[in-house]
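User: I am new to reading protein models, and I would like to learn how to go from a picture to careful statements. Could you take me through some features one at a time?

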Amino acid sequence: IADRREGIGVCGWILISLSFLLVLITFPISIWACIKVIREYERAVVFRLGRILSKKAKGPGLVLILPCTDTFIKVDLRTVTCNIPPQEILTKDAITTQVDGVVYYRIHSAVSAVANVTDVHLATFLLAQTTLRNVLGTQSLAQLLAGREEVAHSIQAVLNSATEQWGIKVARVEIKDVRIPVAMQTAMAAEAEAAREARAKIVAAEGEMNASKALKQASVVLAESLAGLQLRYLQTLTTLAAENNSTIVFPLPINMLESFRQKNTGG
C-alpha cells in the first residue's frame, strides 16, 4: 500500500467531528454499535473515510468504530486448508496424469490481504491450481512418482513468492494422489516384472558359477586322495539309504568296464 502523507482534509475532520458528536448525543445507546469485539485469531482492518486507519490491523480485543465514517473488515488468521481438485497434467515425457493435492496457508498481514487483492482465498486457490500444473509439467512421470516431497517443496516456494504481496504465508503443500491410465499401469507392471526376471536370472547364473568353482576345487581335493573319494562315495550311499528307497544305484567305475572289455577281446 502506498504511504500517503496527505491528510483527510477539512471536510474529513468535519465529518469525524459530527460522528463523535452523534456518539456523545446518543450515548450510552450508541456504545453498543461503536464497540466491536475482535477474537484472538482475528484482526480488524478499519477504514475511516476510505483510508485504512493507522495503516495496520486492530485487535484482538475491543475496537472503537465511529458511525457513518468508519467501516471494518474482519480477517481470520487461522490456517486454511485448500483442496486442489484433480488436474489433467501432461508430464515431461508426454504421459497424461491426474494429480490432486492440498495446500495449507494462513494470512500473516491482514492489511495486505484486504487492500491488495479482491478475494484472497479465491486468488490463492486458483494460483495453487495453476502452479501445480506448471510445476508438474516440467517433471517426468518417474520423477513425479519418486520425488513427491521435492515437487511439493518446489510448488510451495513458487506459491510463497507469488502470494507474499497478498499477505499470505504457505505453510505446507502435499500431493495426495497421482492417477495414471490403465494401459500405462499395465506397461509399468510388465516392465517391473521383466526387470525382476532379469535380476533373478543374473542371481541364478552367479549361483551356478560359484557352484561350478566349488565343484572344481572339490574335484581337485578328491583327486589327490583316493581314500577321500571312497569316503565320499560311501557317504553318498548312506544318504540314499536313509531316504527309505527300495532301489539303490551303485555307480560303476569306467576303468573296471575297460578291464572287462580287454579280457573279453583277448579271449
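Analyst: Let us begin with a loop, keeping in mind that this is a predicted model. Pro-60 is found in the loop between β3 (51–52) and β4 (61–64), and the peptide bond that leads from Gly-59 to Pro-60 is cis, with omega near 0°.

User: Which other peptide bond is cis, and where is its proline found?

Analyst: The bond from Phe-27 to Pro-28 is cis as well, with omega near 5°, and Pro-28 is found in the loop between α1 and α2.

User: What about the backbone angle phi: which residue in the loop between β3 and β4 has a positive phi although it is not a glycine?

Analyst: That residue is Lys-55, whose phi is about 60°, and its place is in the loop between β3 and β4. Lys-55 counts as partly exposed because its relative accessibility is 41%, a value between the cut-offs of 20% and 50%. Cys-68, also not a glycine, has a positive phi of about 75°, and Cys-68 sits in the loop between β4 and β5 (70–76).

User: Is Cys-68 buried or exposed?

Analyst: Cys-68 is exposed, because its relative accessible area is 77% and exposed means over 50%. Although Leu-18 and Cys-68 are 50 residues apart in sequence, their C-alpha atoms are 9.4 Å apart in space. Leu-18 belongs to helix α1 (residues 9–25) and is partly exposed, with a relative accessible area of 48%.

User: How should I read a helix such as α1, and what span should its 17 residues have?

Analyst: One can compare an expected length with the one in the model: at 1.5 Å a residue, the 17 residues of α1 should span 24 Å, and the end C-alpha atoms are 25 Å apart, which agrees.

User: Which residues of α1 are buried, and why are they on the same side of the helix?

Analyst: The general idea is that an α-helix has 3.6 residues a turn, so residues three or four places apart point the same way. In α1 the buried residues are Gly-12, Ile-16, Ser-19 and Val-23. These buried residues cover an arc of only 55° around the axis, which puts them on the same side of α1. They pack against α2 (31–34) and β2, whereas the face turned away from the buried side carries the exposed residues Val-10, Cys-11, Leu-24 and Ile-25.

User: What does UniProt list for residues 12–35?

Analyst: An unreviewed UniProt entry lists residues 12–35 as "transmembrane region", an annotation that may be inferred rather than shown by experiment. In the model, this span is 75% helix and 4% strand, and its end C-alpha atoms lie 21 Å apart.

User: How many residues does the largest nonpolar core have, and which have the most contacts inside it?

Analyst: In soluble globular proteins, nonpolar side chains tend to be buried together. Here the largest nonpolar core has 35 residues, and those with the most contacts inside it are Val-45, Val-103 and Leu-136. Among the elements that each supply at least two residues of this core are β2 (42–48), β6 (80–90), β7 (96–107) and β8 (168–179), while the largest share, six residues, comes from α4. Apart from this core lies another, of five residues, among them Ile-38, Val-46, Val-63 and Ile-65.

User: What does Leu-136 touch, leaving out residues up to four places away in sequence?

Analyst: Leu-136 touches Ile-89, Thr-91, Val-99, Leu-144, Val-151 and Ile-175.

Note on methods
Residues are numbered from 1 along each chain as its sequence is written. This is a predicted model: local features need pLDDT of at least 70, side-chain atom pairs count only at pLDDT 80 or more; totals for chains, interfaces and linings use all residues. Side-chain values use heavy atoms; hydrogens and water are left out. Buried means under 20% relative accessible area, exposed over 50%, partly exposed in between (1.4 Å probe, protein chains only). A nonpolar core is a set of buried Ala, Val, Leu, Ile, Met, Phe, Trp, Tyr and Cys residues joined through side-chain atoms within 4.5 Å. Contact means heavy atoms within 4.5 Å. The expected span of a helix is 1.5 Å times one less than its number of residues. The arc is that of the directions from the helix axis to the C-beta atoms.
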